[in-house]
Amino acid sequence: MPELPEIRRYAQYINEQCKDLVFTSFSRASEAKYQDLSSILPKKYNIRAKSRGKELCLYAEDIENRNKVVTICFTHGLVGTWQLIRNQNLPPYSYARFHTANNEILCYIDSNKMGNYRVGDFDKKRGPDPIDEHAEFYKKIYQNKDSKAAFRKEICILMLDQDFFNGIGNYLRAEILYRAGISPFTEATKVFKNIPPTPDYRNISETSDKGLILLYLCTAIPQYIIENDLNKYGNSTQKLKFSDWLMIYG
């Protein structure tokens, strides 16, 4: 399943590939779940992307009126991905397609059909992004650690709750818990019992509070994966680097 680093990388890919391209039409798969966006998209528009946790938003900006922007929010299920093609046949399972007049097509691809998209911005029910909104991410954990029923569950369960750990999935959860030295079956309230109201990571080490280490790693590990070009869905070199980096998952 694509997690925070993968979704963030998708947004980077879209922004790099679609820079300066002018899109003029939209097509979709015939399945009823996939909304036809043709009537709401501008006649000519640029596309940019931004990720937040496990979601990705496309912004279709009207070339003739820059104040008119249509926002589409995508989830990716287990295997959703993106590809820009030029003068090629459509890749299999391309369920949403944004076309230019020069036969370039930005394709949203999902072979398991578990992802989807909707018109609108990021889901407000999801928690803050651990990288871009780390202060808010930390604050939400601190404010709810003693009161929310979710924190009376095992930490391995809480870490998949996107209300609090937006972008964290199976492999990030496993690696973060292992590197923090926390049993996945520890009750979450115990993990975060002694974290301070605001984080100070300047002298963080193996002897620091375990809950503080965990929240630090929720940002540090995804950043490391992105900055060092580790990619479980990438080319053979990227996949090998990712595999070599894993300590516990797999």
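Is Tyr-142 buried, partly exposed or exposed, and what is its relative accessibility? In this predicted model, Tyr-142 has a relative accessibility of 29% and therefore counts as partly exposed, since that value falls between the 20% and 50% cut-offs. The residue belongs to helix H2, and its surroundings make a convenient way into the fold, once the chain as a whole has been introduced.

The protein chain contains seven helices and eight strands. Its C-alpha trace spans about 60 × 40 × 35 Å along the principal axes. A compact globule of 250 residues would have a radius of gyration near 18 Å, and the 20 Å found for the protein chain agrees with this. Of the 250 residues, 50% are buried. The area that the protein chain exposes comes to about 12,600 Å², with 47% of it supplied by carbon and sulfur atoms. As for contacts between residues at least 6 apart in sequence, 63% of them join residues at least 24 apart.

Helix packing comes next. Two packed helices are described by the angle between their axes and by the distance between the axes. For helix H2 (residues 134–144) and helix H6 (residues 210–227), the angle is about 150° and the axes are 11 Å apart. The crossing in which H2 passes H6 is right-handed. On the H2 side, the contact is made by His-134, Phe-137, Tyr-138 and Ile-141, and these meet Leu-212, Leu-215, Cys-218 and Thr-219 of H6. Sorted by character, the residues of this contact comprise six nonpolar and two polar ones, with no charged residue.

The loop between helix H5 (188–191) and H6 also takes part in this region, and Ile-195 lies in that loop. With a relative accessible area of 5%, Ile-195 is buried, because the value is under 20%. Not counting residues up to four places away in sequence, Ile-195 touches Tyr-138, Ile-141, Tyr-142 and Lys-145, and also Asp-209, Gly-211, Leu-212 and Leu-215. Among these partners, Tyr-138 and Ile-141 belong to the H2 side of the helix contact, while Leu-212 and Leu-215 belong to the H6 side. Gly-211 is 16 residues away from Ile-195 in sequence, and the two C-alpha atoms are 6.2 Å apart in space.

Tyr-142 can now be seen in context. Leaving aside its neighbours within four places in sequence, Tyr-142 is in contact with Ile-195, Pro-196 and Pro-197. A further pair worth a look is Tyr-142 and Pro-199, which are 57 residues apart in sequence and 9.9 Å apart in space, C-alpha to C-alpha. Thus partly exposed Tyr-142 touches Ile-195, a residue that is itself buried.

Backbone geometry adds two residues elsewhere in the chain. Asp-20 is not a glycine, yet its phi is positive, at about 75°. The residue sits in the loop between helix H1 (4–18) and strand S1 (23–28). Its relative accessible area is 66%, so Asp-20 is exposed, the cut-off being over 50%. Tyr-93, likewise a residue other than glycine, has a positive phi near 65°. Here the setting is the loop between strand S5 (81–86) and strand S6 (94–100). Tyr-93 has a relative accessible area of 45% and is therefore partly exposed.

Methods: Residues are numbered from 1 along each chain as its sequence is written. This is a predicted model: local features need pLDDT of at least 70, side-chain atom pairs count only at pLDDT 80 or more; totals for chains, interfaces and linings use all residues. Side-chain values use heavy atoms; hydrogens and water are left out. Axes are lines fitted to C-alpha atoms, for helices over the stretch in contact, and angles run from 0 to 180 degrees between N-to-C directions. Helices (H or I, at least four residues) and strands (E, at least two) are DSSP runs, numbered from the N terminus. A crossing is left-handed if the near helix is turned anticlockwise from the far one by less than a right angle, and right-handed if clockwise. Contact means heavy atoms within 4.5 Å. Ala, Val, Leu, Ile, Met, Phe, Trp, Tyr, Cys and Pro count as nonpolar, Asp, Glu, Lys and Arg as charged, and the others, Gly among them, as polar. Buried means under 20% relative accessible area, exposed over 50%, partly exposed in between (1.4 Å probe, protein chains only). The radius of gyration is taken over C-alpha atoms; the globule rule is 2.2 Å times the number of residues to the power 0.38. Accessible areas come from the Shrake-Rupley method with a 1.4 Å probe; for residues, only the protein chains shown count as cover.
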